Amino acid sequence: MLLKFEVKNFRNFKEWFCLDLTKSKQYGFNSEALQDGVINHAIIYGVNGGGKSNLGLALVDITSHLTDTKRSRSLQSNYLNASSGDVLAEFKYLFKFGDSYVTYEYGKESHEITVYEKLYINDKLSISIDRRRDSRAVYNLGGAEDLKSDLSNSTISAAKYLDRNAVLDDDPSNNAFKQMMTFVHGMVFFRSVRGHEFYGQDIVDVNRLSEKILNNGLLDDFERFLNDAGVVCSLTELNLNGERCIAFKFDNRNIEFSQVASTGTVSLGQFYYWWLKLRDGSLKFAYLDEFDAFYHHRLAKMIVQKVKSVDCQTLMTTHNTSIMTNDLLRPDCYFELNKTITQFNDMTNKELRQAHNLEKIYKSLSA
């Protein structure tokens, strides 16, 4: 899982910015929000334009050169911090898998071009390349001894090249590297406030979502999901112009889903796609940006309950303070992003307890 993340010179993060998920406290409630003492589920607040979305994009930037999944078009022209003279955006990740710690650092001059990389496993330098000096990669992992090191004719990441081309020995260091790659392949950034926008996973055609649900026999499950969310309905299958689609079932006729569904219900349908991946373990890290933009506050609470029940590390952003409650998470799992990022328990001198009204305290601090 991810323990710590740092970024510099990426979008609005001009100087080094640090997100530390290891700073958990000794609260005696909602322990399921943590895993091995590390924050596993958290919610981030912050002003508009404060960097919540950019933090998510920075966190999943690693997928853009270690996987073959979808790239962000907006990052092609808006990647480096516009006020800085530095020519590289720099990133640092600290992961833990079992008893092994993996540190991965890199710098990029654009969304697609990795200039340098360093990967440490338990403080041992295992992979490195710095194209500012030469294009030879160094590999210190068992099974990579005969791997081509000269990458001068390619812009491929050294770590990705190793993962694709080496048959690594079965040992703790190599297993930690493989676990990191699996984790990265399971990272996603998702938001529906600007349409169905996501990075870090294979392309999803939302217009074909009905077909996916029907082809996988999930219509009844989707109906239960909507009803649990407060959208009281009955669903059925409809054939329109030779295509299968989902429809709401009424007493006298059936109407295709998108023609009747509210904005919030459509957004909920889009979330259902990611809920399936969260539920079946396909995702390892999910950044759900403004996840409840179209939701009633009761629905937002239900979504948090669902998300924190899955085996996936999650960060959610919102402006909805009604879900800042110890009934859902804990004070060390709520953050405020305002140039730096601060855990709620560090924003007040109060010794916070389960009975405290976090929303009321937060609003008094933000007044």
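Here are some short exercises on this predicted model, each with a worked solution.

Residues are numbered from 1 along each chain as its sequence is written. Local features need pLDDT of at least 70 and side-chain atom pairs count only at pLDDT 80 or more, while totals for chains, interfaces and linings use all residues, and side-chain values use heavy atoms, with hydrogens and water left out.

**Exercise 1: domains**

Work out how the protein chain is divided and how far apart the C-alpha centres of the domains lie.

Solution. Start with the bounds, which come from an automatic or database domain assignment. Domain 1 takes 2-201 + 282-366, and domain 2 takes 207-261. Next, take the C-alpha centres of the two domains: they lie 34 Å apart.

**Exercise 2: helix H9**

Check the span of helix H9 (residues 263-280), then look for a bend and for burial.

Solution. Helices are DSSP runs of H or I with at least four residues, strands are runs of E with at least two, and both are numbered from the N terminus. The expected span is 1.5 Å times one less than the number of residues. H9 has 18 residues, so it should span 26 Å, and its end C-alpha atoms are indeed 26 Å apart.

Now the bend, meaning the angle between axes fitted to the seven residues ending at a position and the seven starting there. At Tyr273, H9 bends by about 25 degrees.

For burial, the cut-offs on relative accessible area are under 20% for buried, over 50% for exposed, and partly exposed in between (1.4 Å probe, protein chains only). H9 is mostly covered, with 14 of its 18 residues buried. Right after H9 comes Gly281, with a positive phi near 85 degrees.

**Exercise 3: the sheet and its helices**

Find the strand order of the open sheet, then see which strands helix H1 and helix H4 touch.

Solution. Two strands count as paired if DSSP finds at least two bridges between them. Read across the seven strands and you get S2-S1-S6-S7-S8-S9-S10, with antiparallel pairing. The edges are S2 (17-20) and S10 (138-139), each pairing on one side only.

Zoom in on S6 (residues 89-97) and S7 (residues 100-108): nine bridges join this antiparallel pair. Phe95 stands opposite Val102 in S7.

Then add the helices, where contact means heavy atoms within 4.5 Å. Axes are lines fitted to C-alpha atoms, for helices over the stretch in contact, and angles run from 0 to 180 degrees between N-to-C directions. H1 (residues 52-59) packs on the sheet by touching S1 (2-8), S2 and S6, and its direction makes about 110 degrees with that of S1. H4 (residues 158-165) packs on the sheet too, touching S7, S8 (114-121), S9 (124-130) and S10, at about 115 degrees to S9.

**Exercise 4: positive phi outside glycine**

Locate Asn9 and Glu290, and decide whether each is buried, partly exposed or exposed.

Solution. Asn9 sits in the loop between S1 and S2, and its phi is near 65 degrees. Its relative accessible area is 0%, so Asn9 is buried.

Glu290 lies in the loop between strand S16 (285-288) and helix H10 (297-307), with a positive phi of about 45 degrees. At 22% relative accessibility, Glu290 is therefore partly exposed.

**Exercise 5: two single residues**

Place Ser210 and Ala82, and give the accessibility class of each.

Solution. Ser210 belongs to helix H6 (residues 209-215). Its relative accessibility is 17%, so Ser210 counts as buried. Skip neighbours within four places in sequence, and Ser210 is in contact with Cys245 and Ile246.

Ala82 is in the loop between helix H3 (74-77) and S6. At 81% relative accessibility, Ala82 counts as exposed. The C-alpha atoms of Ala82 and Asn12 are separated by 8.0 Å, with the residues 70 apart along the chain.
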